[in-house]
Each structure stands twice: as structure tokens, then as C-alpha cells.
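Student: Could you take me on a close look at one part of this model, and show me how its surroundings fit together? I would like the geometry spelled out as we go.

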Amino acid sequence: MTAGADAAPNLFQQQEANRRRTTLLVVGFVLFFAWLGFGGDYIYYLATLHNLPYQTHHTFPWLGIVLTIVGIGLTWYGYSTGPEKVLWSTGAREITDPANDQEKQLVNVVEEMSIAAGIPRPRIWIVDDPAPNAFATGIDPQHAHLAVTQGLLDLMSRDELQGVVAHELGHIKNFDVRLMTTLAALVGVILLVRDGTGRFFWGGRSGGRSRGKSGDLGALVVVLLVIWILSWIVAPIVTQMLAMAVSRKREYLADAMSAQFTRNPTALASALEKIEHSDAPATHLKAGAAHLCICDPLDRKLNDHPGALGDVMASHPPLEMRIIRLKGMGYAQAKQQGTLPPDSPTA
């Protein structure tokens, strides 16, 4: 089948690339904190360099050491608890003992598709959100979680639910969840640290400027200070844009893997069409988990417009493009099997 041929040769490269990118992401995050710390130390050192002997002279890089340790600690904490934080932020509830036919069907579908994908069955969660959506999180296939909204269960047929679940299992098998969950955790950490540091530096220390000759700091200190402040401001934006880019590039492959696991690409195409036409508001899925979802829960219009701006700012590829690709896979499959309808132009 075309979908399988497209997905299978790229699987191991995709897994290895995701492991490598996760490592680079973590290292970059720690280095960012080191820059904020040691960069701040250097700026403070230059600012106090010409102070009088009885005034403050900053010589020991305590800020750099502290922030580097904080960066390492926060990275470890975000990486190890990211899945739990994502699930907590959405108010998801775990299904351990299915209470109704919908929940029983969901568990059965996840078990079937896990066997087809060749991975352990993830833990299953439901988000009480009326908007149809789904996401996966975790650090590897052995410690993965799959969540669907109540709106998805209410709207989808069994085949369509299979397509959505298989898509999320594709993310798990590709190790997309590790990279995307780590990004979600680090976005939250950067926002938290930026806000706390902003209150510390700007909340009551505006009168703490050095005296003596520190008024003549020179262009270098001013430039470094501006860059240092901009780093705090821009970091959350850059990290969120990176999360969006990571999500966009992986959705097409997960769609293809869904077609491979279900042998029914039109099922996911039909599910995406229903999601596209749903007008139910997202009440539990917010910005922090948006890039993990099968479709953007924030309904940002940029996702509908491919191009330069959409490639930078959109969190998901256009649904229309994904649906067209899946229908093309279904057409190719039917043609290969000789099951095209009689009125088809090339039947």
C-alpha cells in the first residue's frame, strides 16, 4: 500500500531524528539559561567596574551558576513530568474501567490499533471537551498516553475513531511525543521563569542603579543589556514557534501511518472532515497543548493558508491538504485492488 511504503522507510530515521532533536533541545535550553546567568553576570560586572572602592563590585558569577543549575533542574523536571503536566492542564480523566459503550469502544479500538502499530497499549484518557480532538503524550512507546475529547467520541463512527487513534499511535511510534511533550513542558517553564524574573528585576529594583562612574557604561554594556532583556522577552515566542513547526512537519507522516495501520485512509479523511466542520468550542484544550493535538483546538485561521506566513506561524498543516492526501491514498489503494466504483473515470 502506498501509505505504508511512504511511512515504513522513514520510521527509523524519524525515530532517531526525534531522539537527536530532543537532546539538542534540552542542551539548548540549558545553554539558554547559562547565557542568561553568565551574560547577566558579565553585564553587572561591566556596570560596576568603575564603582568607587566602597561601592558594589560584581566579580563572582553567582547568577550564572545559579541559573545554569536552575536550567538543568527545570529541564529534568519538565522532561520527567511533562506528560502528567499536559494531561493535568487539560483536565483529562483516565479510563481504567470503561463505564459505557463509548468508553468500551474506545478501549477496544486503542487495543486493536496498538497491535497493528506493534507498540504497547498506551494509557487512555478522555478530556471533557465538546470540540472533537485527540492528542498523545509521553516519553516513549512504553510510557505513552492517548487522550481523546468527549466531542470526538460523540461525533465519530468506529472506523473514523480508528483513523484518529492510529494517527496518534503513529506519533507515539515515531517518538514524536517525546519531542513534542518536552517542548510543551519547556514552553511553560520559560514563561514561568520569565515572569518570575521580570517581577524580581523590575518590581522593586529600579532605584538600585550603581553610582560613581557607572553612568558612563559605554555602548557595549547598553547593547548587551538590550540583548539580555530581549532574550527574556523573545524566548517564549521562539519556543512556541518551534513547537508549532515541530507539529506541522510530523502531521503528514502520522496521517500516512494511520493509513498504514488501518488500511483505510479514507476513514481518517472522513474524521478530519467532521472535525473541520464542527463548530463546538474548545473548553479544555488551550495553547500549551495545542501543538500536540490532531487539529488546532484554537481554530487559528493561519492553519488554513499554506505559504510563507503559515509555514512560520501555523501550528498544523491545512486540514484541506491533509484530507486531499488521504483521499489520494484511498484512491490509489482502491485502484490497486480493483475496487474503484464503476462510474470512476479511470475504473
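Tutor: Let's begin with helix H5, residues 158-173 of this predicted model. With 16 residues at 1.5 Å a residue, H5 should span 22 Å, and its end C-alpha atoms are indeed 22 Å apart, so expectation and model agree. H5 is also mostly covered, since 13 of its 16 residues count as buried. Just after H5, Phe175 takes a positive phi of about 65°.

From here we can cross to helix H3 by way of a residue contact. Ser114, which is found in H3, is in contact with Leu169. Setting aside neighbours within four places in sequence, the other contacts of Ser114 are Ile119, Pro120, Arg121 and Pro122. How accessible is Ser114, given as a relative accessible area? The value is 3%, so Ser114 is buried. Its side chain has a polar partner as well: the backbone oxygen of Val110, reached at 2.7 Å.

Now take H3 as a whole, residues 101-117. The same kind of length check works here: 17 residues at 1.5 Å a residue should give 24 Å, and the end C-alpha atoms are 24 Å apart, which agrees. Which residues of H3 are buried? They are Glu103, Leu106, Val107, Val109, Val110, Met113, Ser114 and Ala117. Looking down the axis of H3, you find these buried residues within an arc of 165°, so they line one face of the helix. Turned away from that buried side is a face that carries the exposed residues Asp101 and Ile115.

Both ends of H3 have a local detail to check in your viewer. At the start of H3, a side-chain oxygen of Asn100 comes to within 3.1 Å of the backbone nitrogen of Gln102. Just after H3, Gly118 adopts a positive phi of about 75°.

Next comes the sheet. Its four strands form an open sheet in the order E1-E2-E4-E3, with mixed pairing. The edge strands are E1 (93-94) and E3 (134-138), each of which pairs on one side only. As general background, strands of a sheet pair through backbone hydrogen bonds, either parallel or antiparallel.

We can walk across the sheet in that order. E1 and E2 run antiparallel and are joined by two bridges, and Arg93 has Ile126 in E2 as its bridge partner. Strand E2 (123-127) is mostly covered, with four of its five residues buried. E2 then pairs with E4 in the parallel sense over five bridges, where Arg123 stands opposite His145 in E4. Finally, E4 (residues 144-149) and E3 pair in the antiparallel sense, over five bridges; here the bridge partner of Gly138 is Ala144 in E4.

One more helix belongs in this picture. Helix H2 (residues 62-90) lies across E2, E3 and E4, and runs at about 150° to E3.

To place all this in the whole chain, the secondary structure comes to eleven helices and four strands. Buried residues make up 49% of the 347 residues. Among contacts with a separation of 6 or more, 73% come from residues 24 or more positions apart.

Notes. Residues numbered from 1 in each chain as written. Predicted model: local features only at pLDDT ≥ 70, side-chain atom pairs only at ≥ 80, totals over all residues. Heavy atoms only, no water. Pairing = 2+ DSSP bridges. Contact = heavy atoms within 4.5 Å. Axes fitted to C-alpha atoms, helices over the stretch in contact; angles between N-to-C directions. Expected span 1.5 Å × (residues − 1). Buried < 20%, exposed > 50% of the residue type's maximum accessible area, 1.4 Å probe, protein only. Arc of directions from axis to C-beta. Polar contact = N/O pair within 3.5 Å; in protein donor to acceptor, adjacent residues only side chain to side chain.
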